[in-house]
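Open the model in your viewer and keep the selection box at hand. This tour goes stop by stop: what to select, then what is there.

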Amino acid sequence: MIAETCLRVEREADVVAARQKGRELAALAGICGSDLTVVATAISEITRNIIAYAERGEIVLKIARRGQRQGVVIIVSDEGPGIADIDMAMRDGFSTGKSLGLGLPGAKRLMDEFEIVSEAGKGVTVMMAKWSR
Amino acid sequence: MAQFPAALDAHLRQVLDYDVERRQQVVDLQAIDLQNIAELKDDVIKHLDEHVDAFFSYLKEWPEVVGLSAGSAFFDEAVRLKREHLIAMVSGDYGKEYVEQRIAFGIAYSKAGLDARMFLGGFHALLRSLGAQIMEDADAPMLAFDRFTSLKKVAFFDLGIIVDVLIADRESTIAQQQNAIRELSTPTLQIRERLLILPIIGVLDTDRARQLTEGLLSAIRANRAKVVVMDVTGVATVDSKVANHLLQTIAASRLMGADVIITGLSADVAQSLVTLGVDLATLNAIGDLQGGLEEAERLLGYQLVRTDQPAPARASA
Amino acid sequence: MAVTVPILKQGDVLIASIQAALTDRGLIELRDALTAKVGQFRSRGVIIDVTALDVMDSFATRTLRGIAEATKLRGAHTVIVGIQPDVAFAMVKLGLALGGMSTALDLEEGLKALAARQLEARR
């Protein structure tokens with residue numbers, strides 16, 4: 001049993017693999033019930049963003065502990081065109097292209113912690129976490 | 001991998017193999033320690049019975065510790081396990097399998113209701129016995145001390161695991177009880193085919209609201225409900241998080257093909273919702289529970305007809 | 001090779017059950033196949049069963065909406081059935097709107113809903 005996995009995200013099949021793995025690790029971290037699907041959905045949203053905008057990237061999934069609680073921490077990063085205006089991107093309905101752009105604000109609503117770092121031309125890194133109750 | 005009782009599983013994941021390295025680091029287990037322990041091994045095993053005896057003699061002094069009378073099957077089994085433990089302790093391999101065995105021990109102690117203090121006392125008696133034997137057998141006192149110190153690292157490694165297990169078991173029980181209380185306090189009742197009533201009473205916090213939602217959605221599927229009457233007569237106030245949660249519950253129920261009727265909305269709660277930006281018109285809100293039930297039945301195509309011949313009242317005894 | 005979704009015909013309703021392994025390409029092919037069949041059989045209703053999906057993200061929802069819109073243009077109403085409790089919860093939290101698509105608990109309820117719609121339309 002591993003506490004940390006790194007997966008490459010390049011095509012659609014990788015999105016499915018990422019969310020299965022996310023579900024697995026979340027379960028190991030003691031996350032249960034509907035939160036497992038919540039985690040898988042957030043992973044699906046963010047990794048699809050990579051495929052839509054950046055062609056390739058990677059996702060790191062790990063089990064973490066904070067005091068008495070355990071949880072899963074997910075870091076998704078790519079080296080695509082990046083986002084110039086993060087505030088705009090985090091608004092619902094915002095889109096520059098192929099998809100409806102629900103990915104970012106949606107994932108933030110789903111997870112307990114959510115942070116995004118990006119600069120135009122320098123890719124995007126999203127960190128999110130879900131803790132067991 | 002060892003099979004743990006399901007209730008313990010989620011909490012015990014904290015002590016499984018990815019943690020082994022960290023636990024070894026915590027007690028600062030090094031190569032030199034393994035070497036020292038290897039040198040101790042034969043002598044400790046020679047005196048195995050002495051040490052096992054020290055552990056149980058201590059425990060037997062305490063009336064709270066039951067079932068340890070010599071000759072009982074339980075006692076024999078306990079002795080056998082303790083001997084195995086000691087042998088494993090000086091074996092030099094403290095990886096995943098070792099940790100799993102310690103966990104199994106911890107679970108056994110926990111189930112047997114062994115008090116943590118008693119256990120620590122017994123463990124100390126065991127260490128004292130080991131220490132005395134190692135010092136006696138050694139050629140040089142400093143050498144003996146170093147070796148004993150190495151063995152103590154493993155002892156504390158073990159202790160860490162067992163304590164974690166005892167805590168995990170305790171927390172698991174508490175979590176189960178809390179769950180049971182929550183479920184009892186928001187029961188979903190099926191009173192007619194395809195109709196569920198969810199009476200909500202008391203303070204609604206986000207945890208409870210979430211559990212409510214999960215319970216309701218599962219019940220919709222299990223009972224194939226088409227209408228849910230959610231009665232909030234017993235809810236005095238709602239904050240934005242809870243209001244949000246209720247709205248999400250209604251939306252999720254619709255996705256599963258069930259309509260939600262809200263009854264018992266007090267003027268205060270209605271006002272809070274309006275202040276929070278909720279359009280009350282989008283909610284199917286009906287004054288009281290009875291009204292809500294009637295509406296639900298109408299939606300389901302039921303019609304209540306009163307007959308002219310009600311059943312006779314039961315004669316009192 | 002994309003997994004093809006079998007489409008069943010029951011009266012004037014087409015029924016498609018999506019498997020968990022369905023790829024994005026497969027979903028698009030499903031849309032094309034359903035649109036073609038609705039035209040071919042002049043179906044009045046389409047039921048898409050998503051019981052097997054353990055995640056419904058914005059992409060899946062968008063695609064299903066696309067299917068509903070395309071088939072609507074040919075006179076058929078779509079009902080999505082089988083959304084699992086966990087999935088419904090996550091969808092709502094995510095903020096997904098199903099637009100004009102109807103939903104029902106399962107195939108049976110979906111068929112009833114379509115029949116009721118038909119009845120209503122004829123009045």
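How many of the five residues of strand β4 (residues 259-263) of chain B are buried? Select the strand and check: four of its five residues are buried, so by the cut-off of 20 or more other C-beta atoms within 10 Å the strand is mostly covered. Bear in mind throughout that this is a predicted model.

**Stop 1: the partner of β4(B)**

Add residues 227-234 of chain B, which form strand β3. β3(B) and β4(B) run parallel and are joined by five bridges. For one such pair, pick B:D231: its bridge partner in β4(B) is B:T263.

**Stop 2: B:V228 and the cores**

Now select B:V228. Not counting residues up to four places away in sequence, B:V228 touches B:L196, B:L198, B:L216, B:I220, B:S253, B:A258 and B:V260. The largest nonpolar core has 105 residues, and B:V228 and C:A88 touch the most other members. Which element gives the most to this core? Select residues 34-54 of chain A: this is helix α2, which contributes ten residues. In soluble globular proteins, nonpolar side chains tend to be buried together.

Then go to a second core, separate from the largest one. This one has 24 residues, including B:L40, B:L86, B:V99 and B:I103.

**Stop 3: chain B as a whole**

Zoom out and show chain B alone. Chain B holds twelve helices and five strands. Its C-alpha atoms fill a box of roughly 100 × 60 × 30 Å along the principal axes. What is the radius of gyration of chain B? The value is 31 Å, whereas a compact globule of 317 residues would have one near 20 Å. Color by burial next: buried residues make up 29% of the 317 residues. A contact map adds one more view. Among contacts in chain B between residues at least 6 apart in sequence, 82% join residues at least 24 apart.

**Stop 4: the sheet of chain A**

Switch to chain A and show strands only. You are looking at an open sheet of five strands with antiparallel pairing, in the order β1-β2-β3-β5-β4. Which strands stand at the edges? They are β1 (4-9) and β4 (113-118) of chain A; each has a single partner strand, so one side of each is left without a neighbour in the sheet. From one strand to the next, the twist averages 15 degrees.

Zoom in on β1(A) and strand β2 (residues 57-66) of chain A. Six bridges join these two antiparallel strands. A:C6 stands opposite A:V60 in β2(A). Now add helix α1 (residues 12-28) of chain A, which packs on the sheet. α1(A) touches β1, β2, β3 (69-78) and β5 (124-131) of chain A, and its direction makes about 165 degrees with that of β1(A).

**Stop 5: the sheet of chain C**

Select chain C. Here too is an open sheet of five strands, in the order β1-β2-β3-β4-β5, with mixed pairing. Its edge strands are β1 (7-10) and β5 (102-104) of chain C, each pairing on one side only. Neighbouring strands are turned by 25 degrees against each other on average, direction ignored.

Pick strand β4 (residues 77-81) of chain C. β4(C) runs parallel to β5(C), and three bridges join the two. C:V79 stands opposite C:S102 in β5(C). Helix α2 (residues 58-72) of chain C packs on the sheet, touching β3 and β4 of chain C. The direction of α2(C) makes about 150 degrees with that of β4(C). Then add helix α1 (residues 24-41) of chain C, which lies across β1, β2 (13-17) and β3 (45-49) of chain C. α1(C) runs at about 165 degrees to β2(C).

**Stop 6: the two sides of chain C**

Show all chains. Toward chain B, eleven residues of chain C are in contact with twelve residues of chain B. The elements of chain C giving two or more residues to this side are α3 (85-94) and β5. α3(C) gives the most, with six residues. By class, the side has eight nonpolar, one polar and two charged residues.

Turn to chain A. Here, 15 residues of chain C are in contact with 17 residues of chain A. α2 and α3 of chain C each supply at least two residues of this side. Which element gives the most to the side of chain C that touches chain A? α3(C) does, with six residues. This side has six nonpolar, three polar and six charged residues.

How values were computed:
Residues are numbered from 1 along each chain as its sequence is written. Chains are lettered from A and ligands numbered from 1 in the order in which they are written. This is a predicted model: local features need pLDDT of at least 70, side-chain atom pairs count only at pLDDT 80 or more; totals for chains, interfaces and linings use all residues. Two strands pair if DSSP finds at least two bridges between them. Axes are lines fitted to C-alpha atoms, for helices over the stretch in contact, and angles run from 0 to 180 degrees between N-to-C directions. Two residues are in contact if their C-beta atoms, placed from the backbone, lie within 7 Å. Ala, Val, Leu, Ile, Met, Phe, Trp, Tyr, Cys and Pro count as nonpolar, Asp, Glu, Lys and Arg as charged, and the others, Gly among them, as polar. A nonpolar core is a set of buried Ala, Val, Leu, Ile, Met, Phe, Trp, Tyr and Cys residues joined through C-beta atoms within 7 Å. A residue is buried if 20 or more other C-beta atoms lie within 10 Å of its own, exposed if 12 or fewer, and partly exposed in between; C-beta atoms are placed from the backbone. The radius of gyration is taken over C-alpha atoms; the globule rule is 2.2 Å times the number of residues to the power 0.38.
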